[in-house]
Protein chains: 2
Amino acid sequence: MSRPTIEDVARIAGVSIATVSRCLHLPDVVAPNTRERVLAAVRQTGYTLNAAAQSLRQRRSNTVLVVVPDIGNTFFAEILGGIQQEASAAGLTMLIGDTGRVKAREDAYVRYLLNGRADGALLLADPQAAWFDIPNVNVLGIRPIVTISEVGPHQQTIAVSIDNEAAAQAAVSHLIAQGHRLIAHLTGPLTNILTRQRLDGYRRALADAGLTWRQDHELPGDFGVASGRAAFALYRALDVKPTAIFCANDETAMGFISSAHCAGVIVPRDISVVGFDDIHFAQSYIPALTTVRQPRAEMGATAMRLLLSIIANEAPASIRLPFELVLRDSTAATFAAR
Amino acid sequence: MSRPTIEDVARIAGVSIATVSRCLHLPDVVAPNTRERVLAAVRQTGYTLNAAAQSLRQRRSNTVLVVVPDIGNTFFAEILGGIQQEASAAGLTMLIGDTGRVKAREDAYVRYLLNGRADGALLLADPQAAWFDIPNVNVLGIRPIVTISEVGPHQQTIAVSIDNEAAAQAAVSHLIAQGHRLIAHLTGPLTNILTRQRLDGYRRALADAGLTWRQDHELPGDFGVASGRAAFALYRALDVKPTAIFCANDETAMGFISSAHCAGVIVPRDISVVGFDDIHFAQSYIPALTTVRQPRAEMGATAMRLLLSIIANEAPASIRLPFELVLRDSTAATFAAR
DNA sequence: AATCGTGATGTAAAGCTTTTCATTCACCCT
DNA sequence: AGGGTGAATGAAAAGCTTTACATCACGATT
């Protein structure tokens, strides 16, 4: 016995299917006692809407797809919260797709959108991803897409972001203000646009303060905890030891600190560490992490609003939100500056 | 100008819509040069399948819905990875729904499944959630649902889990083996079935070792970092200080340790701490956390396989997977036992 | 040469809902 | 009493795809 359809309900209630449909969507327009009969029939049969049929007819799905490169990265959680809130308010269901940075999966979600299973997409992924290679995405141009946090070279996409370069510069400038003169940078993966922006900010802060830049003070990382650990080993081997390090994100900062701790190097006594993102654990880490906070919930909410306005056929512009430098216990003034 | 349909493609390629459909799904059955013509027409028009129509016709959506109570909880990430893997292998797209433990959103995802937008659901949520109150979910009984990690009173649901009571018992027994005689327990929210199971394991371990149980050694928590902090304050106020504490999850353990650190109480010198879950950060925390590891990826994969087998009309049974006690630096033997 | 088989393609129905337009009916007003 | 008004409901089309079945052509077999 298969699912009941609207027709089954109509038969039992003794009305036409049009009336059943109206009962469910425009209850006011149907006579009270008819409505009563129909709802009883719905309960009796256990009828539920067939979303495929509805979607086919209405040409929309009332769903928004959020594509995340790695759901395990807690950084995204708060953004999702912001999106969720706005989506619910607009009557949309938020669905998350996790690509794991795997191309095949990215493609799967691209198709999801293209096939009309979602009315729009919010990309937290690398914008260099499959999204813009898909034939006709740009040609068709009809599918609303907003990117968050990573602004790529694809200007045609609406985006929400912070000024990563300025944020990096602010973080490094703070270290300089605390008396540090030898400041290293633990980068993210260099293919990533964010990484390059933060790197630029780091270099600019040094240049603005008249400090000499050293190639060997730029330690390679990939945003993972393990690469933070590896970076500490590199740090150990340096001839000229920096007294502070600016990390491209909190996870690598934690990896670095963790290794330092094991080696008896105390943060911030022996070296100051600044992270980036202010992830959930940053404040309960030991020591609590000085870091750059991005207004994540607000970013998500803003992006969702932008998407809605695109769906409504408006033409909004990209938005840049403010960041905040959060001072905690992983940084300290140098002895000279005290 | 609206989206091209299969009919547009057919017209341009000079074939019937049936042939177009076959080109896309059974390429071998159509003559090579016809196929070529059709694919060219597809490229030219930028045609993409209308998922709603397909789904309506095929009576399935090739989508699996995973419902998570809180996407910010890193605990779930690895489970999702396991699910993803099996889902991809089966040609299904995995979509994540985050309820934030909000009833209205839970309902939204229940409807998602009921409306046929997904072929099945994996619940990482509390099984006491809306899922079983929805009229006819059980009556209809046609919608495949598998729960992970939390086995509730609803026996009719297939579930994947570990033996939480035995795991808790193992953790506490380890502390006892290290010489601890006064062991506290930082619980989760008591409404949660997991919490009760772990609590039972704690009590049983004490009882089996002939240790006296103390009401005031059961500290209340709610799985959050903040409650771990609060628990430390309670610990401080205890008349009889425990030398070890078993926490219902890693987050509360970290909150506890973090507060301890601030107060100058050193872990594990002054108190041993055991967590539960082995979340991502557990190993890079300072000190690295002794904890109970759940085989999360395996749990996800297993659940997905169960779901597939239910969809295939088989009748699999619930599965219980093994856990593992991971010894790290947050626990130490007592002086007496050394 | 007639028949059969086979491979390629077309026809048409089914899947379920929303929505426009038409119809019916009751009631009111003049 | 007749016409008009408005509310309530019904009939039917449209939305797009998959698929069972029919058709057709052509080569092979006997």
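**Chain A, fold.** I started with the secondary structure of chain A and got 12 helices and 12 strands. Note to self: this is a predicted model.

**Chain A, overall shape.** I checked the radius of gyration next. Chain A comes out at 26 Å, while a compact globule of 338 residues would sit near 20 Å. The box around the C-alpha atoms, taken along the principal axes, is roughly 90 × 40 × 35 Å. I also looked at burial: 51% of the 338 residues of chain A count as buried. For contacts in chain A with a separation of 6 or more, I find that 74% link residues 24 or more positions apart.

**Where A meets B.** I then went to the contact between the chains, which takes 44 residues from chain A and 44 residues from chain B. On the chain A side, the elements that each supply at least two residues are α4 (51–58), α5 (75–89), β2 (93–98), α6 (103–114), α7 (137–140) and α11 (250–262). I sorted that side by class and got 20 nonpolar, 19 polar and 5 charged residues.

**Around DNA strand C.** Which residues come nearest to DNA strand C? Of the 28 around the strand, they are A:Ile6, A:Ala18, A:Ala53, B:Ala18 and B:Thr34. The elements giving two or more residues to this surface are α1 (6–13), α2 (17–25) and α4 of chain A, plus α2 (17–25) and α4 (51–58) of chain B. I noted that α2(A) gives the largest share, 6 residues. By class, the surface near DNA strand C splits into 14 nonpolar, 9 polar and 5 charged residues.

**Cross-check.** I see α4 of chain A in both lists: α4 (51–58) supplies residues to the side touching chain B, and α4 of chain A also gives residues to the surface near DNA strand C.

Conventions
Residues are numbered from 1 along each chain as its sequence is written. Chains are lettered from A and ligands numbered from 1 in the order in which they are written. This is a predicted model: local features need pLDDT of at least 70, side-chain atom pairs count only at pLDDT 80 or more; totals for chains, interfaces and linings use all residues. Two residues are in contact if their C-beta atoms, placed from the backbone, lie within 7 Å. Helices (H or I, at least four residues) and strands (E, at least two) are DSSP runs, numbered from the N terminus. Ala, Val, Leu, Ile, Met, Phe, Trp, Tyr, Cys and Pro count as nonpolar, Asp, Glu, Lys and Arg as charged, and the others, Gly among them, as polar. The radius of gyration is taken over C-alpha atoms; the globule rule is 2.2 Å times the number of residues to the power 0.38. A residue is buried if 20 or more other C-beta atoms lie within 10 Å of its own, exposed if 12 or fewer, and partly exposed in between; C-beta atoms are placed from the backbone. A residue is near a molecule or strand if its C-beta atom, placed from the backbone, lies within 6 Å of it.
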